[in-house]
Amino acid sequence: MSAHKIALITDSTSDIPAEMVQRYDIRVVPQILIWGTEELRDNVTITPEAFYKRLASDPVHPTTSQPVPKDFSEFYEQAKKDGAEEIVAICISNQLSGTLDSARQAAAMVDIPVHVVDSLSVSMGLGWQVIAAARAREAGGGVKEMIEAANRVRQTLHIYFSLDTLEYLHRGGRIGGAAKLIGTALQLKPMLMVDTKTGRVEAAERTRTRKKALQRIYEVFFEKMDTSKPMHITVLHGSAPQEAAEFEARIRAEHNPVELMVVTISPVLGVHTGPGAVGIIGYYEQ
């Protein structure tokens, strides 16, 4: 039973740590992973640890599928049953998935007002917007304040990540604006970004070595941030805990953000980013 009159819903590509999902009463609709004949629910029937272990050894490459409208409508109905009078649903960028369309279609199927927001983002770029909306709700805000809080995060949000290989993005067909890196570039270490104005993945730079790629992510990310303001930052990784820990220690020592967490990339995103992906996602308060 939830005490909130406004339910807050997102999808599992948000990568929000479980303890925050619980603390802020966020409802997470799982994305779907199809592995051979198995249908798995992101972070429900497959954990990131199990996923990356299997990805390294299984000759079958998994694919992904967005939640269908019925998946969302069930969450909406449950929220209503739990006492919600309105719903705010913040989802992965419409440019990266059809999830938002499912959330919108489901809104027409239920007898409760649903406000669907395109985060124009992914992973903790989406997650930070959801957390900001949750905090606005904790502070007594209504739907308008929750959506404004999410939009405010997006204005100063930056997402940079490096993949150990482009192979998974290429296989998954999610390469978007990074397509120009393909060709001779499969062995390069690309730096990608999410454009939070368009919601697309774009190529930022390319480097020849992983070490250089990680160094450039760090430099470019902090060039974009106003480091004099309170910063909320996530280091994310796909089975690269050592490099993530090094980033975390360095960020804490050099920039001391008000909030810093390390997050493992969810299985459904990991299908596209592959093992060894490392990124920094964050925003600063205005």
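**Exercise 1.** At roughly what angle do the axes of helix α3 and helix α4 cross? Work it out on this predicted model, then describe how the two helices pack.

*Solution.*

Step 1: Find the helices. Helix α3 covers residues 69–81 and helix α4 covers residues 99–107.

Step 2: Look at the axes. They come within 8 Å and cross at roughly 55°.

Step 3: Put a word to that angle. Roughly parallel needs an angle under 35 degrees, and roughly perpendicular runs from 65 to 115, so α3 is oblique to α4.

Step 4: Check the hand. The crossing of α3 and α4 is right-handed.

Step 5: See who touches whom. From α3, the contact uses Pro 69, Phe 72, Ser 73 and Tyr 76. On the α4 side you'll find Thr 99, Ser 102, Ala 103, Gln 105, Ala 106 and Ala 107.

Step 6: Sort them by class. The contact of α3 with α4 has 6 nonpolar and 4 polar residues, with no charged ones.

**Exercise 2.** How many cavities of 30 Å³ or more are there? Then explore the lining.

*Solution.*

Step 1: Count. There's 1 cavity of 30 Å³ or more, and the volume of the largest cavity is about 370 Å³.

Step 2: Go to the centre. The lining has 27 residues, and the closest to the cavity's centre are Leu 96, Val 122, Leu 269, His 272 and Thr 273.

Step 3: Pick out the elements. Those giving two or more residues to this lining are β5 (63–65), β8 (158–162), α10 (267–273) and β13 (278–284). The top contributor is α10, with 4 residues.

Step 4: Sort the lining by class. You get 15 nonpolar, 11 polar and 1 charged.

Technical notes. Residues are numbered from 1 along each chain as its sequence is written. This is a predicted model: local features need pLDDT of at least 70, side-chain atom pairs count only at pLDDT 80 or more; totals for chains, interfaces and linings use all residues. Side-chain values use heavy atoms; hydrogens and water are left out. Axes are lines fitted to C-alpha atoms, for helices over the stretch in contact, and angles run from 0 to 180 degrees between N-to-C directions. Angles under 35 degrees count as roughly parallel, over 145 as roughly antiparallel, 65 to 115 as roughly perpendicular and the rest as oblique. A crossing is left-handed if the near helix is turned anticlockwise from the far one by less than a right angle, and right-handed if clockwise. Contact means heavy atoms within 4.5 Å. Ala, Val, Leu, Ile, Met, Phe, Trp, Tyr, Cys and Pro count as nonpolar, Asp, Glu, Lys and Arg as charged, and the others, Gly among them, as polar. On a 1 Å grid over the protein atoms alone, a cavity is a set of points where a 1.4 Å probe fits but cannot get out, and a pocket is an open set with protein on both sides within 12 Å along at least five of seven lines; lining residues have an atom within 4 Å of a point. Grid points are joined across faces, edges and corners, and a volume is the space filled by probe spheres set on the points.
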